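Colleague: I should like to learn how to read the features of a model such as this one. Could we take them in turn, beginning with the sheet?

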Amino acid sequence: MKKIVITAALALAAFTASAQKGLQYDSLSNFVGQNPSLYKGQTLYIKENAAAQAAKGYEGFGISPDFDRGPYGRNVYAPVKSASGTTVSNYQKLKDQYVTVTNVYTHTNEASTRNAISNYLQLVDNDGETFYYGYDAFTPESFNNTFVVVGFFEKSKSALIGHEFLFTGRETQSVENYKGLRDLASGSKRTDVKANTSWRCTDVSIDDSANPRVVAVLENPDLGKVYVAVEDLQNTSSPNAKFTTSGAVAAMAAADKQRSSDQQRAYNDRLAEYQARFGETNGKLIADGKVAEGMTKEMVTLAKGTPINSSNFKQNNVDVEQWNYDDGWSFYFRNGKVYKTNYVPPYKSGFSLIDPK
């Protein structure tokens with residue numbers, strides 16, 4: 001187990017860069033499953049990984065959001081041949097990099113997807129170079145072994161450090177590699193630790209094993225220092241939890257609750273403003289991001305934002321303006337007001353942005 005290589009200063013700088021954009025990380029997990037749009041705007045740290053180092057590279061990176069992750073990979077980013085002859089991305093080039101997720105793409109043409117990868121994170125490094133990562137929404141190990149979301153790391157530090165935890169001795173958990181406590185120095189399992197011992201979280205770091213995780217460093221004055229996966233300390237409300245605590249997880253949950261409360265207040269303010277200007281019905285629609293016939297261009301812009309493109313044409317000798325949006329909606333204006341709306345599902349084939357706003 002190593003002290004975090006990101007270093008506190010660099011991690012804080014990366015986190016602050018995201019925070020300055022107003023992009024807080026809205027998850028209590030490093031891996032968000034089928035909600036990859038939560039990564040948009042986040043800074044990711046590409047972890048050192050013993051398995052990737054042995055293989056000479058990382059899997060899953062490409063130069064476009066459509067690449068083969070198999071042994072005959074095409075469009076692989078920074079390609080090198082792995083120890084087993086597959087095409088991977090150069091380990092030395094990628095390790096310890098910070099990248100920003102600028103967009104999330106989805107590919108829903110099942111006939112075209114490869115190896116069940118249907119989502120792609122668009123990444124930009126500190127030099128401005130753009131590349132992509134094939135995100136598997138059903139295999140957390142692939143993402144967790146490669147990335148740390150800096151926002152998750154910082155949230156874990158602020159919520160866990162300084163809190164006391166009671167070790168229950170239970171083995172049942174989702175993180176198989178961390179069953180039991182691990183010795184900080186050697187990484188071996190501490191089988192000597194008995195149930196009902198108290199531990200204080202003194203740090204949050206990264207384990208540099210073949211399956212690296214964000215881990216919490218715990219200290220007991222008589223038993224020394226150990227580490228566990230952060231997930232163990234987040235799940236203290238479960239009847240099978242390895243630890244119990246009075247406040248650490250509540251601190252994380254409270255932060256998310258406050259964020260939800262702030263979002264609700266912002267919505268209420270928006271709703272009141274729009275209803276005062278446009279009436280109860282249209283004001284509610286606009287606040288909810290919806291459009292109805294009869295709305296003006298200003299109302300549509302408030303509801304949906306700026307269209308990705310627009311066009312002008314004549315229909316029955318009447319001037320018509322068409323606005324198109326990434327989410328599949330098109331709106332048609334006559335005399336400055338919507339007279340027709342049309343929706344075409346945007347994900348029939350090819351690539352489209354998830355949460356493009």
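Modeller: The model is a predicted one. In general, the strands of a sheet pair through backbone hydrogen bonds, either parallel or antiparallel. Here an open sheet of 6 strands has antiparallel pairing, in the order β11-β14-β13-β12-β10-β15.

Colleague: Which strands stand at the edges, and with how many partners each?

Modeller: The edges are formed by β11 (182-183) and β15 (243-244); each has a single partner strand, so one side of each is left without a neighbour in the sheet. At the β15 edge, 2 bridges join it to β10 (residues 164-167), and the two strands run antiparallel. Within this pairing, Leu166 of β10 has Thr244 as its bridge partner in β15.

Colleague: Which helix packs on the sheet, and which strands does it touch?

Modeller: Helix α5 (residues 150-160) packs there, touching β10, β12 (197-206) and β13 (214-220). The direction of α5 makes about 155 degrees with that of β12.

Colleague: How many residues of α5 are buried?

Modeller: The helix is mostly covered, with 9 of its 11 residues buried. Among them are Val150, Phe152, Phe153 and Leu160, and also Glu154 and Lys155. After α5 comes Gly162, with a positive phi near 95 degrees.

Colleague: How do the strands pair at the other edge, and what joins β13 to β14?

Modeller: β11 pairs with β14 (residues 224-229) over 2 bridges, in the antiparallel sense. The bridge partner of Asp183 in β14 is Val226. Further into the sheet, β13 and β14 run antiparallel and are joined by 6 bridges. A hairpin through 3 residues connects β13 to β14, and Asn220 has Gly224 of β14 as its bridge partner.

Colleague: How should a single residue in a strand be read, for instance Thr197 in β12?

Modeller: A general idea comes first: in a regular strand the side chains alternate between the two faces of the sheet. In this case, Thr197 lies in strand β12 and is buried, with a relative accessible area of 16%. Its side chain reaches the backbone oxygen of Lys194 at 3.2 Å. Leaving aside neighbours within four places in sequence, Thr197 is in contact with Phe165, Leu166, Phe167 and Leu223. Leu166 is thus met again, having appeared above as the residue bridged to Thr244.

Colleague: Let us turn to aromatic rings. How many aromatic pairs are found, and how are the rings of Phe31 and Phe143 placed?

Modeller: The whole structure contains 21 aromatic pairs. To read a pair, one takes the distance between ring centres and the angle between ring planes; planes over 60 degrees apart count as edge-to-face, and under 30 as stacked. For Phe31 and Phe143 the centres are 6.4 Å apart and the planes stand at 50 degrees, so the pair is tilted. This pair links distant parts of the chain, 112 residues apart: Phe31 is in the loop between α1 (8-20) and β1 (43-46), and Phe143 is in helix α4 (residues 140-144). Both Phe31 and Phe143 are buried.

Colleague: What is the arrangement of Tyr105 and Tyr132?

Modeller: Their ring centres lie 6.2 Å apart with planes at 65 degrees, so this pair is edge-to-face. Tyr105 belongs to strand β6 (residues 98-107) and Tyr132 to strand β8 (residues 130-135), so the pair ties together parts 27 residues apart in sequence. Tyr105 and Tyr132 are both buried.

Colleague: Which residues do ring pairs link into a cluster?

Modeller: The cluster includes Phe31 and Phe143, together with Tyr39, Tyr58, Phe61, Tyr77, Tyr91, Phe131, Tyr133, Tyr135 and Phe147.

Colleague: Where do charged groups sit over rings?

Modeller: The charged end of Lys297 sits over the ring of Phe333, 5.9 Å from the ring centre. Lys340 lies over the face of Tyr332, at 4.5 Å from the ring centre.

Colleague: Finally, where is Ala292, and what does it contact?

Modeller: Ala292 is placed in the loop between α8 (280-287) and α9 (297-304). At 22% relative accessibility, Ala292 counts as partly exposed. Apart from neighbours within four places in sequence, Ala292 is in contact with Leu285 and Val338. Ala292 and Val338 are 46 residues apart in sequence, with their C-alpha atoms 7.2 Å apart in space.

Technical notes: Residues numbered from 1 in each chain as written. Predicted model: local features only at pLDDT ≥ 70, side-chain atom pairs only at ≥ 80, totals over all residues. Heavy atoms only, no water. Pairing = 2+ DSSP bridges. Helix = DSSP H or I, 4+ residues; strand = E, 2+ residues; numbered from the N terminus. Contact = heavy atoms within 4.5 Å. Axes fitted to C-alpha atoms, helices over the stretch in contact; angles between N-to-C directions. Phe/Tyr/Trp six-rings, centres within 6.5 Å; stacked < 30°, edge-to-face > 60°. Buried < 20%, exposed > 50% of the residue type's maximum accessible area, 1.4 Å probe, protein only. Lys NZ or Arg CZ within 6 Å of the ring centre and 35° of its normal. Polar contact = N/O pair within 3.5 Å; in protein donor to acceptor, adjacent residues only side chain to side chain.
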